[in-house]
Amino acid sequence: MSDQDEVARLKEAMWKRQFFLMSRKMKSPEKLQATSLAHYQWVISQEKEGRIFLSGPSFELDGTPAGGMTVLRVENEADARALAEADPFVAEGVVDYTLKRWQINEGSLQVRLDLSDMKGQAQ
């Protein structure tokens, strides 16, 4: 097997699932407190339904809030956009957001699920 064939084989295993990265930027901080409960209830329900892989706030290195990010586990851009628009922070104008398609190629979770080939094992 050539190097090129091996790279193609590895990429095929890695690219079985696509994710979308939703980056949030604060738009109306004065609305944050009134919308936080609805946002948290929404994000937890989406996590339980399997549509959110990872989510949380981000910070500058000095600790200053810098928005947030959510990794959406959906099939296509239309589904990603619909899910993002359903976030109460977005719906109520607390944040603006951008979407990017994100391909996870490598990494692992403590449950030991290798994201490169989606093989898992108990530790």
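**A tour from Phe53**

Select Phe53: with a relative accessibility of 19%, Phe53 counts as buried, because the limit for that class is under 20%. The model on screen is predicted. Add Phe19, which is also buried, at 8% relative accessibility.

Show both side chains as sticks. One aromatic pair is counted in this model. Its members are Phe19 and Phe53, whose ring centres are 5.3 Å apart and whose planes meet at 40°, so the pair is classed as tilted. Phe19 belongs to strand β1 (residues 19-26) and Phe53 to strand β2 (residues 52-59); the pair links distant parts of the chain, with the two positions 34 residues apart.

**The whole chain**

Switch to cartoon and colour by secondary structure. The protein chain has four helices and six strands. From start to end of the sequence the order is α-β-α-β-β-α-α-β-β-β. Now colour by accessibility: of the 123 residues in the chain, 30% count as buried. Among contacts with a separation of 6 or more, 62% are between residues 24 or more positions apart.

**The cores**

Which residues touch the most other members of the largest nonpolar core? Select Met22, Leu72, Val74, Ala80, Tyr97 and Leu99; these hold that position in a core of 16 residues. At least two residues of this core come from each of β1, α2, α3 (77-86), α4 (88-91) and β4 (95-102). Apart from this core lies another, made of five residues, and the starting point of the tour returns here: Phe19 and Phe53 are among its members, as are Val71 and Ile104.

Go back to the largest core and centre on Met22. Beyond its neighbours within four places in sequence, Met22 is in contact with Gly68, Met69, Thr70, Leu72, Ala84, Asp87, Val90, Tyr97, Thr98 and Leu99.

Move from Met22 to Leu99, in strand β4. With neighbours within four places in sequence set aside, the contacts of Leu99 are Leu21, Met22, Leu72, Ala80 and Arg81. Draw a distance from the C-alpha atom of Leu99 to that of Ser23: the separation is 6.5 Å, for residues 76 apart along the chain.

**A loop residue**

Select Ser28, in the loop between β1 and α2. Is this residue buried or exposed? Ser28 counts as buried, at 10% relative accessibility. Its contacts, leaving out neighbours within four places in sequence, are Gly93 and Val94.

**The largest pocket**

Turn on a surface. The largest pocket has a volume of about 410 Å³. To find its centre, select Arg24, Pro57, Gly67, Gly68 and Phe89, the closest to that point of the 19 lining residues. Two or more lining residues come from each of β1, α2 (32-48), β2 and β3 (65-72). By type, the lining holds 10 nonpolar, seven polar and two charged residues. Gly68 has already appeared on this tour, as a contact of Met22.

**Last stop: Ala34**

From Phe89, go on to Ala34, which sits in helix α2. Their C-alpha atoms are 9.9 Å apart, and the two residues are 55 residues apart along the chain. Ala34 has a relative accessible area of 74%, which means that it is exposed, the cut-off for that class being over 50%. For the opposite case, reselect Phe19, buried at 8% relative accessibility.

Conventions:
Residues numbered from 1 in each chain as written. Predicted model: local features only at pLDDT ≥ 70, side-chain atom pairs only at ≥ 80, totals over all residues. Heavy atoms only, no water. Phe/Tyr/Trp six-rings, centres within 6.5 Å; stacked < 30°, edge-to-face > 60°. Buried < 20%, exposed > 50% of the residue type's maximum accessible area, 1.4 Å probe, protein only. 1 Å grid on protein atoms, 1.4 Å probe; cavity = no way out; pocket = protein on both sides within 12 Å on 5 of 7 lines; lining within 4 Å. Points joined across faces, edges and corners; volume = space filled by probe spheres on them. Nonpolar A, V, L, I, M, F, W, Y, C, P; charged D, E, K, R; others polar. Core = buried A, V, L, I, M, F, W, Y, C linked by side-chain atoms within 4.5 Å. Contact = heavy atoms within 4.5 Å.
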